[in-house]
Each structure stands twice: as C-alpha cells, then as structure tokens.
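Trainee: I should like to learn how strand pairing and helix packing are read from a model. May we work through a case together?

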Amino acid sequence: MRRTLVGSPLALLLTASLLVPATGSAIAGAPSAFRIKVMSFNIQYGASYSTIRAVVKAIRAADADVVGLQEAFGKTRKVARLLGWYASPRMHLVSRFPIVHPNGSRVPGTPGGRIPEGAWAYVVLADGAVAAIAQTHTPWWPSGMYAMLQGGSEAEVLADERGKLAWLQPHLDAVAGPIAGGLPTIFVGDLNTPSFLDWTPEAVDALGWQPPSLDPPGERFPVAWPVTVAMEDAGFSDTYRTIHPDPVADPGFTYCADLYPACGRWDTWDRIDYVYTAGPIVPVHSRVVGEGGPYTDIVSLPWPTDHRAVVSTVDVTPVEPPSFAAPTDERVAAGRAVDVVFHDPASGGRTIGIWAPGDDPASDPAAVSAALDAGVNDGTVRIDTDGLAPGPSTVAIVDSGSVVASADLAIVERGVPATITTSARRYAQGEPVQVSWTGGPGNRYDWLALNRDCFDPSACALRQWRYIDGRPFGTARFTKGSEGVWPLRPGRYAVSLCVDDDYVCVATSAVFRVVAS
C-alpha cells in the first residue's frame with residue numbers, strides 16, 4: 001500500500017482558532033451572525049424543457065448563496081460548475097460555501113429502497129462556523145389536493161398525504177440530531193403539499209380555488225396539511241410565512257408558474273416550495289422568484305420550470321459543532337486532490353488522512369496522512385489521491401488510535417465507466433438477487449432498474465426498482481419487500497444503474513436467468 005505524508009505548507013492549508021469554546025456555544029472571534037440567502041428551486045426534469053443556463057440565470061437573479069435543487073436529474077455538478085460554486089450531488093445542493101457530509105448525517109430509508117435515506121450536510125460558512133442543511137422532494141402522488149378537487153372528504157384528503165409523510169420521516173429523523181445540539185439548521189424542498197398556515201378558514205373563504213378559472217367538483221375546505229404540520233412539530237419555522245404572515249395578502253404561490261404551457265386544468269395554484277429554519281437563525285426577507293406577474297417578487301426570463309422558486313435571507317448565528325472531518329467532494333477521480341475540511345478543538349498528536357477501502361482508521365494505518373499541530377482547531381487539508389486504490393474510502397481524524405471524526409470518500413478510476421454485476425447468472429424463483437456496482441455517479445436519486453426480456457428501462461415495464469442512496473460503490477438485494485413484482489417469473493433479466501430519477505443508465509449487468517423452483 002502506498003503511503004504518503006502530506007504535510008508541506010503547499011499541501012496543508014490550516015487556520016488556527018484563538019479560543020476553544022465548549023460544544024454548542026457561540027464561536028469566539030466569529031461574526032455575531034452570517035447573513036445568507038437560501039433558495040429552494042425545482043428545475044423540472046433537469047431543465048429538460050429549458051436550459052441549465054436559464055436555471056443559473058435565475059439563481060443569480062435571486063442572489064442566492066445556497067440552493068437546494070429538486071428534479072436535478074444529474075445536473076447538480078453542471079449548475080455548480082457554471083456558477084463557480086461547490087456541489088453536493090448526493091444532497092442536490094449547490095453553494096458558494098463548502099458543503100461537507102460528516103458521518104452520522106445519514107438515516108436509512110425503507111429496506112426495499114423505495115424511500116431513500118434521510119440526510120443532512122454542513123454548509124461551512126467560515127472556520128468552525130457551520131449550518132446544517134437538509135432538503136427533499138416528496139412524491140406528488142397520491143395527492144390530498146387531487147382527492148379534494150374530486151370531491152373527497154377530509155379523511156380521504158389526509159389519507160392521500162400519508163405517502164408524503166412516510167417519505168419525509170427519514171429526513172426529520174436525520175436532522176433531529178443537529179436541532180437537538182442547538183445548531184442552526186435549514187430545510188428546503190418541494191414538498192408537493194400546501195401549508196396548513198395558508199389553508200386557514202379565512203384564507204380558504206377569501207381565495208377559493210385558484211386560479212379563478214378552476215371549477216372542480218370538489219369543495220375547498222381548511223386542512224391541517226400533515227407534512228407541514230410535521231415540519232413545525234420537528235422545530236422548524238416556515239421563513240416565507242414568518243415574513244409574510246397573511247396568506248390572503250401574500251399567498252406566495254410557487255406552483256404552477258403562470259407562463260408555463262404545461263400547467264393543466266387540474267393544476268391548482270398553491271405554495272408548495274419552502275425554506276424552513278430551526279435553531280439560532282432569524283429570517284430577514286423571503287421572496288418568490290419566477291416569470292413575473294402578481295405572485296413574483298424577483299423576475300428572471302426565460303423562466304425554466306413549472307415551479308417558482310423561493311429565496312429567503314436569514315441571519316445565522318454560528319454555534320460550534322461537534323468535531324468533524326469531511327471532504328468537500330464525496331466522489332473524486334484517483335489522482336485528483338481532495339480538500340478535507342475539519343473542526344476539532346483537541347490537543348496535538350492527531351492525524352488526518354484517507355484510509356483505503358476496507359481499512360479501519362481505528363486499527364489500520366492511513367494510505368495518506370498528515371499530522372495536525374496542537375492549537376490548530378479548524379482548517380482545510382488538501383490531500384493528493386494519486387496512487388490510491390479506487391473504492392469506498394474513509395476520511396478521518398485519529399488521536400492516539402481513537403477515531404475522532406470520519407466521513408465517506410469514493411475514489412473512482414478516471415475514465416473508467418461504472419459497472420454493475422449480479423452474484424450469479426442463474427437464480428431459482430423466489431431467490432434474492434444480489435447486485436454490486438462500482439463507479440456510480442453519486443447522485444441523490446441514482447437507482448437500480450430490474451427488467452425482464454427488455455433491457456432498456458425507458459422502453460419497458462420495470463419488474464423491480466430501488467434507490468441506492470447516492471453511493472458510488474455498493475451492494476443491494478432484490479427480494480420480497482422490494483418495490484415491484486415478486487417473486488420474479490422465470491425468464492431472462494438484467495439490472496441497470498440509472499441516473500438520478502432519470503431513465504439515462506450508465507451500466508447494465510450481464511443477462512441472468514430466473515428458473516422455476
């Protein structure tokens with residue numbers, strides 16, 4: 001194993017903190033608050049009906065600092081590259097500030113892979129000053145809104161919102177830690193559901209169904225929309241409604257964008273895109289970004305999507321986080337340098353580095369490492385990955401054999417395409433199908449498609465599918481409880497690794513057979 005000490009001034013960029021406050025306290029020497037603008041932006045199928053440049057133009061018009069993208073469809077890195085920003089494809093985030101993902105920031109979704117994991121990341125505002133951020137895009141169907149449009153009762157409306165609640169829960173479980181620790185926490189997303197704050201009896205009576213041309217058979221009535229109730233119960237505040245408390249005077253509709261030709265006769269106008277905050281964060285402004293008209297505060301044309309965006313200005317009071325060390329890019333090509341941001345108010349004797357696939361930082365030597373001097377509490381280490389083995393590696397700080405903090409890092413071979421294989425070429429009917437993949441793109445909604453006879457997922461019905469939680473390397477099983485048909489009928493099958501909720505696939509396995517038991 002090649003081992004290199006990265007400790008030269010050119011390779012190791014460190015900043016020392018003057019004081020070491022206790023965890024959860026304000027950071028000495030830091031500004032009393034960081035003012036940032038946070039945006040939630042559904043770009044509709046990766047701007048398939050427009051251009052990524054129109055998306056970037058809208059972000060610039062909003063003067064945003066951190067943006068949660070929904071329906072990114074593998075375009076997160078491209079958006080960030082055009083902006084000159086950092087990217088987190090696994091979180092669908094782009095930011096002026098570094099984004100890092102410490103271990104402990106992931107919570108599993110459903111075992112069958114239908115609901116992906118919940119997760120959060122740190123946006124690093126300055127040395128030792130972070131805000132936790134999470135985001136999601138809940139499924140639009142089943143929809144309580146559509147049940148109401150068709151004349152459904154309150155019980156039927158609430159029943160059709162259960163799927164969204166189930167999707168949201170891993171994310172709320174994930175951010176419970178940062179919130180409990182007193183950290184400033186942000187949650188953005190297209191929740192595909194209205195806010196209970198907007199559906200008060202007064203607002204329902206004053207606004208009726210919108211647009212005014214809408215004439216559905218169902219009656220519009222007040223609803224405590226459960227997804228937004230759950231957000232408030234988890235400790236979050238809705239920044240838009242905090243700044244604009246009157247839903248009649250400021251409805252803040254984000255869907256459906258008025259100029260967008262695909263908005264149909266069943267598309268109601270409502271506010272379904274959100275920026276939430278918890279902890280020491282104070283909302284200052286909140287505006288809707290869109291195509292112009294009475295429900296738009298900031299105009300950008302051509303408008304690229306069927307959603308308007310919301311951008312909220314907030315003052316973030318920095319609070320010292322627990323120790324962490326994590327790369328600013330979770331997936332790097334071998335030979336490329338990786339920046340590792342760290343915070344650890346500890347003494348000397350510490351090592352920071354990268355551990356090879358399968359190695360344990362608690363017991364194995366690092367593949368490449370550097371010593372951290374006493375008194376250096378925060379900073380960025382730039383580590384060269386030249387010669388490191390590809391695979392799922394670990395970044396860590398180790399102090400006298402104890403792992404202080406760690407995070408995942410996927411090292412991929414430059415120019416080598418992704419692969420996917422099955423554990424066998426023949427399975428008995430009802431036998432689980434084990435799948436392994438390497439070199440995946442690392443997007444949030446990368447997924448596996450299992451097909452019979454027809455091996456193009458975009459052209460034939462899926463037999464099974466599952467999300468893989470943005471992992472470039474991994475294994476999964478198709479079995480009873482997975483999403484789709486089980487047991488598989490006898491026949492010829494293949495599994496494809498597909499990109500970020502899209503039907504573009506980067507690898508397909510060899511054909512295997514399922515035979516009658």
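Trainee: In which sense do E26 and strand E28 (residues 433-438) pair, and over how many bridges?

Mentor: Strands of a sheet pair through backbone hydrogen bonds, either parallel or antiparallel. Here E26 and E28 pair in the antiparallel sense over four bridges; two strands count as paired if DSSP finds at least two bridges between them. Strands (E, at least two residues) and helices (H or I, at least four) are DSSP runs, numbered from the N terminus. This is a predicted model, in which local features need pLDDT of at least 70 and side-chain atom pairs count only at pLDDT 80 or more, while totals for chains, interfaces and linings use all residues. Residues are numbered from 1 along each chain as its sequence is written, and side-chain values use heavy atoms, with hydrogens and water left out.

Trainee: Which residues of E28 stand opposite Thr419 and Thr422?

Mentor: Thr419 has Thr438 as its bridge partner, and Thr422 faces Val435.

Trainee: Which side chains of E26 are buried, and which are not?

Mentor: The side chains alternate along E26: Ile420 and Thr422 point to one face and are buried, whereas Thr419 and Thr421 point to the other and are not. Buried means under 20% relative accessible area, exposed over 50%, and partly exposed in between (1.4 Å probe, protein chains only).

Trainee: What is the strand order of the sheet that holds E26?

Mentor: The order is E26-E28-E31, an open sheet of three strands with antiparallel pairing. Strand E26 (419-422) and strand E31 (474-478) are the edges; each has a single partner strand, so one side of each lacks a neighbour in the sheet. From one strand to the next, the twist averages 20 degrees.

Trainee: Turning to helices, at what angle do the axes of H2 and H3 cross?

Mentor: An α-helix has 3.6 residues a turn, so residues three or four places apart point the same way. The axes of helix H2 (residues 52-62) and helix H3 (residues 76-83) come within 10 Å and cross at roughly 55 degrees. Axes are lines fitted to C-alpha atoms, for helices over the stretch in contact (heavy atoms within 4.5 Å), and angles run from 0 to 180 degrees between N-to-C directions. H2 and H3 are therefore oblique to each other; angles under 35 degrees count as roughly parallel, over 145 as roughly antiparallel, 65 to 115 as roughly perpendicular and the rest as oblique.

Trainee: Which residues make the contact?

Mentor: H2 contributes Ile52, Arg53, Val55, Val56, Ile59 and Arg60, and H3 contributes Lys78, Val79, Leu82 and Leu83. Among the buried residues of H2 are Val55, Val56 and Ile59.
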